[in-house]
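Subject: Structure for you to look at

Hi,

Here is the structure I promised to pass on. Have a look at it first, and then read on for what I found.

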Amino acid sequence: MLAVNYTNLRDNMKSYMDKVTDDYETMIITRKDNKNVVMISEEAYNNLMENVYVMGNKANYDWLMESKAQLESGKITRHDLIEVDVNE
């Protein structure tokens, strides 16, 4: 996680945004009166929102935890993939 003050961010905006998106960094922009903000990439934001949704729905969460428990206990089945010609 990076921390940068607002003035430094403003003077070097492109390079900091590139660092956030290219290097998957999270950046805290420090401001007066502790009114800090966090910069993350759109990809990281979308991933975070998806996790909030999945974990926030009890049915989804329970299903996910049950699947995880089955995987960890070895209760899995293997299936061959069937290739389908989408041009037909």
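A quick definition before anything else: two residues are in contact when they have heavy atoms within 4.5 Å of each other. With that in hand, take the contacts in the protein chain between residues at least 6 apart in sequence: 27% of them join residues at least 24 apart. Please keep in mind that this is a predicted model.

**The overall picture**

The protein chain has four helices and three strands. Going along the sequence, you will meet them in the pattern β-α-α-β-β-α-α.

How does the radius of gyration of the protein chain set against that of a compact globule of 88 residues? The chain has 21 Å, whereas the globule would be near 12 Å. If you prefer box dimensions, the C-alpha trace spans about 55 × 40 × 20 Å along its principal axes.

As for burial, 9% of the 88 residues count as buried. The accessible surface comes to about 8,000 Å², and carbon and sulfur atoms account for 53% of that. On the charge side, there are 10 positive and 16 negative charges, and their mean positions lie 13 Å apart.

**The core**

In soluble globular proteins, nonpolar side chains tend to be buried together. Which residues make up the largest nonpolar core here? There are seven of them: Val4, Leu9, Tyr16, Val20, Met27, Ile29 and Met39. Helix H2 and strand S2 are the elements that give two or more residues to this core.

Met27 is a good one to click on. Leaving aside residues up to four places away in sequence, Met27 touches Leu2, Val4, Leu9, Tyr16, Val20, Val37, Val38 and Met39.

One of those partners, Val38, sits in strand S3. Is Val38 buried or exposed? Its relative accessibility is 58%, and the cut-off for exposed is over 50%, so Val38 counts as exposed. Besides Met27, Val38 touches Thr26 and Ile28, again not counting residues up to four places away in sequence. Val38 and Val4 are 34 residues apart in sequence, and their C-alpha atoms are 10 Å apart in space.

**Two loop residues with a positive phi**

Most residues other than glycine have a negative phi. Two residues here are worth a look on that score. Tyr24 is not a glycine, yet has a positive phi of about 55°. You will find Tyr24 in the loop between helix H2 (13–22) and strand S2 (27–30), and it is exposed, with a relative accessible area of 59%.

Asn34 is also not a glycine and has a positive phi of about 55°. Its place is in the loop between S2 and strand S3 (37–39). Asn34 is exposed too, at a relative accessible area of 65%.

**A few distances to check on screen**

Asp33 lies in the loop between S2 and S3. With a relative accessible area of 70%, Asp33 is exposed. How far is Asp33 from Ser67 in space? Their C-alpha atoms are 46 Å apart, with their positions 34 residues apart in sequence counted as the separation.

Asn12 is in the loop between helix H1 (6–11) and H2. Its relative accessible area is 34%, so Asn12 is partly exposed. Asn12 and Lys35 are 23 residues apart along the chain, and 20 Å separates their C-alpha atoms.

Finally, go to helix H4 (residues 58–72), where you will find Tyr61. Tyr61 has 34% relative accessibility and so counts as partly exposed. Not counting residues up to four places away in sequence, Tyr61 touches Val54 and Met55. The C-alpha atoms of Tyr61 and Asn51 are 10.0 Å apart, and the two residues are 10 apart in sequence.

Cheers

How values were computed:
Residues are numbered from 1 along each chain as its sequence is written. This is a predicted model: local features need pLDDT of at least 70, side-chain atom pairs count only at pLDDT 80 or more; totals for chains, interfaces and linings use all residues. Side-chain values use heavy atoms; hydrogens and water are left out. Buried means under 20% relative accessible area, exposed over 50%, partly exposed in between (1.4 Å probe, protein chains only). The radius of gyration is taken over C-alpha atoms; the globule rule is 2.2 Å times the number of residues to the power 0.38. Accessible areas come from the Shrake-Rupley method with a 1.4 Å probe; for residues, only the protein chains shown count as cover. Lys and Arg count as positive and Asp and Glu as negative; His and the chain ends are not counted. The place of a charge is taken as NZ of Lys, CZ of Arg, CG of Asp or CD of Glu. A nonpolar core is a set of buried Ala, Val, Leu, Ile, Met, Phe, Trp, Tyr and Cys residues joined through side-chain atoms within 4.5 Å.
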